[in-house]
Amino acid sequence: MPTAVSLFSGCGGSDAGIFNAGFEVLMANDVLAYAQAVYEHNHPETDYRLGDVSKIQHFPEAELLVGCYPCQGFSQGGVRDAGRKINTLYLEFARALNQIKPKAFIVENVSGMVRKNYAHLLQDQVKVFTDAGYNVSFQVLNASDFGVAQERKRIFIVGIREDFGIEYDFPQPTHGVLGGQPKTTIRDAIDGMPEWPEGEFYDLGFHWYYLSRNRRNEWGDQSKTIVANPRHMPLHPMSPPLEKLDQDVWRFQHDGPARRFSYREAAKLQGFGYLAFPEHKYGSLNMRYKVVGNAVPPPLFEAVARALPNIWN
Ligand SMILES: C[S@@+](CC[C@H](N)C(=O)[O-])C[C@H]1O[C@@H](n2cnc3c(N)ncnc32)[C@H](O)[C@@H]1O
């Protein structure tokens with residue numbers, strides 16, 4: 001089994017993908033205690049180191065390095081400040097890359113990174129990874145093209161160590177018009193789950209900002225993007241449809257029960273097979289949503305990992 005080291009591992013979305021692709025994850029790391037608890041509960045065999053990545057001096061040797069450094073600087077939901085320190089965590093990833101020198105690496109981040117304002121940060125990432133000795137490629141992929149019941153566009157940066165002399169080819173869609181198989185729907189992902197799972201969904205009101213856009217898709221559609229902040233979680237399709245009243249003003253078409261997706265439904269819409277949420281002192285409702293919303297959809301990460309050439313023997 002080829003080995004991997006994972007950074008910015010969260011509750012293990014990306015890593016569930018590489019486990020499924022046949023890798024053994026030797027070490028994982030994150031600063032969030034509840035992310036560690038969920039990860040360890042679901043993958044007890046991995047050495048999960050809790051704490052700031054910059055404090056890790058020695059990383060184990062591995063053939064693959066994966067990491068999804070935080071994206072607040074680039075994401076639509078976050079603070080769009082291209083100079084924020086959080087935008088330089090890729091240098092920690094580069095430090096690990098230079099130390100481990102794996103055969104390949106995979107990075108995932110929000111697609112906002114391709115916007116003009118952030119082009120210099122993307123270019124810098126490509127440069128530091130190239131300088132570390134890798135042939136680097138990047139592409140934006142949509143999770144719904146890979147069997148996930150969600151519209152979620154993310155950028156992937158993949159590098160293969162230059163001594164292999166190989167360029168990485170991104171996977172072709174498996175679902176939708178290009179992929180041939182029908183896209184996975186909200187119904188496919190969450191049908192049969194409890195309609196009203198008390199205590200498992202965020203039930204504060206729908207304020208003006210929430211209703212500044214359409215937050216609901218139909219059972220037969222893919223979900224809108226699952227986010228880490230529960231206040232902005234899309235509506236469950238049992239909720240009445242929303243109609244547009246004015247620019248940035250929407251309202252429910254009629255009265256009736258309405259709620260956001262629960263964190264368990266969010267996990268299904270992210271493409272997790274089964275994800276257990278252990279009881280934990282930091283396992284608040286908000287934290288459960290956060291670790292799920294931060295995750296990379298496992299089937300998408302798996303597709304990217306499986307598209308790596310066979311350089312493991
Ligand atoms: C986009 S999320 C990663 C999601 C994860 N790969 C998954 O699929 O579940 C980014 C993660 O980086 C973590 N993080 C932020 N700053 C960090 C730091 N200095 N050291 C380690 N982890 C950090 C956050 O807590 C968050 O879980």
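# Exercises: salt bridges, a ligand and a surface patch

The side chains of D47 and R49 meet in a salt bridge, with 3.3 Å from N to O. Keep that pair in mind as you work through this predicted model.

**Exercise 1. Explain why the D47–R49 pair counts as a salt bridge, and decide whether each partner is buried, partly exposed or exposed.**

Step 1. Start with the distance: a salt bridge needs a side-chain nitrogen of Lys or Arg within 4 Å of a carboxyl oxygen of Asp or Glu. For D47 and R49 the N to O distance is 3.3 Å, so the pair fits the definition.

Step 2. Now the surroundings: buried means under 20% relative accessible area, exposed means over 50%, and partly exposed lies in between. D47 has 38%, so D47 is partly exposed. R49, at 29%, is partly exposed as well.

Step 3. Put the pair in context: a search of the whole structure finds 15 salt bridges.

**Exercise 2. Work out how D131 and K127 are placed in helix α4, and how exposed each of them is.**

Step 1. Find the contact. D131 and K127 form a salt bridge whose closest N and O atoms are 2.7 Å apart.

Step 2. Count along the helix. The two residues are four residues apart in α4, which means that about one helical turn separates them.

Step 3. Check the exposure. D131 has a relative accessibility of 55% and so counts as exposed, while K127, with 47%, is partly exposed.

**Exercise 3. Repeat the analysis for R306 and E302: where do they lie, and is each one buried or exposed?**

Step 1. Locate them. Both R306 and E302 belong to helix α9 (residues 298-306), where they are four residues apart, about one turn of the helix.

Step 2. Look at the side chains, which meet in a salt bridge of 2.8 Å from N to O.

Step 3. Compare each value with the cut-offs. R306 is exposed, because its relative accessible area is 52%. E302 has 18%, so E302 counts as buried.

Step 4. Turn to another group: D145, E151 and K183 are joined into one network by salt bridges that share partners.

**Exercise 4. Describe what surrounds the ligand and which polar atoms lie opposite its own atoms.**

Step 1. Take the shell. The ligand is surrounded by 20 residues, and the closest are F8, S14, D30, V53 and V296. By class, the shell has 10 nonpolar, eight polar and two charged residues.

Step 2. Connect the shell to the fold. α1 (13-20) and β2 (24-30) each supply at least two of its residues.

Step 3. Go through the atoms. A ligand nitrogen is 3.0 Å from a polar backbone atom of F8. A ligand oxygen is 3.4 Å from a polar backbone atom of G12. For D30 the side chain takes part: one of its N or O atoms is 2.6 Å from an oxygen atom of the ligand.

Step 4. Consider the cover. Taken alone, the ligand exposes 600 Å², and the protein buries 90% of that.

**Exercise 5. Contrast two loop residues, N217 and V114, by their place and accessibility.**

Step 1. N217 sits in the loop between α6 (186-190) and β8 (242-246). With a relative accessible area of 18%, N217 is buried.

Step 2. Trace the contacts of N217. Its side chain reaches the backbone oxygen of Q222 at 2.8 Å, and a polar contact of 3.4 Å joins it to the side chain of K224.

Step 3. V114 is found in the loop between β5 (104-110) and α4 (119-131). Its relative accessibility is 43%, so V114 is partly exposed.

Step 4. Finish at the surface: V114, F138 and V140 make a nonpolar patch of about 230 Å².

Notes
Residues numbered from 1 in each chain as written. Predicted model: local features only at pLDDT ≥ 70, side-chain atom pairs only at ≥ 80, totals over all residues. Heavy atoms only, no water. Patch = residues over 30% accessible without salt bridge, like charges linked within 9 Å, V, L, I, M, F, W, Y side chains within 5 Å. Areas by Shrake-Rupley, 256 points an atom, 1.4 Å probe, with all protein chains shown as cover. Buried < 20%, exposed > 50% of the residue type's maximum accessible area, 1.4 Å probe, protein only. Near = heavy atom within 4 Å. Polar contact = N/O pair within 3.5 Å; in protein donor to acceptor, adjacent residues only side chain to side chain. Nonpolar A, V, L, I, M, F, W, Y, C, P; charged D, E, K, R; others polar.
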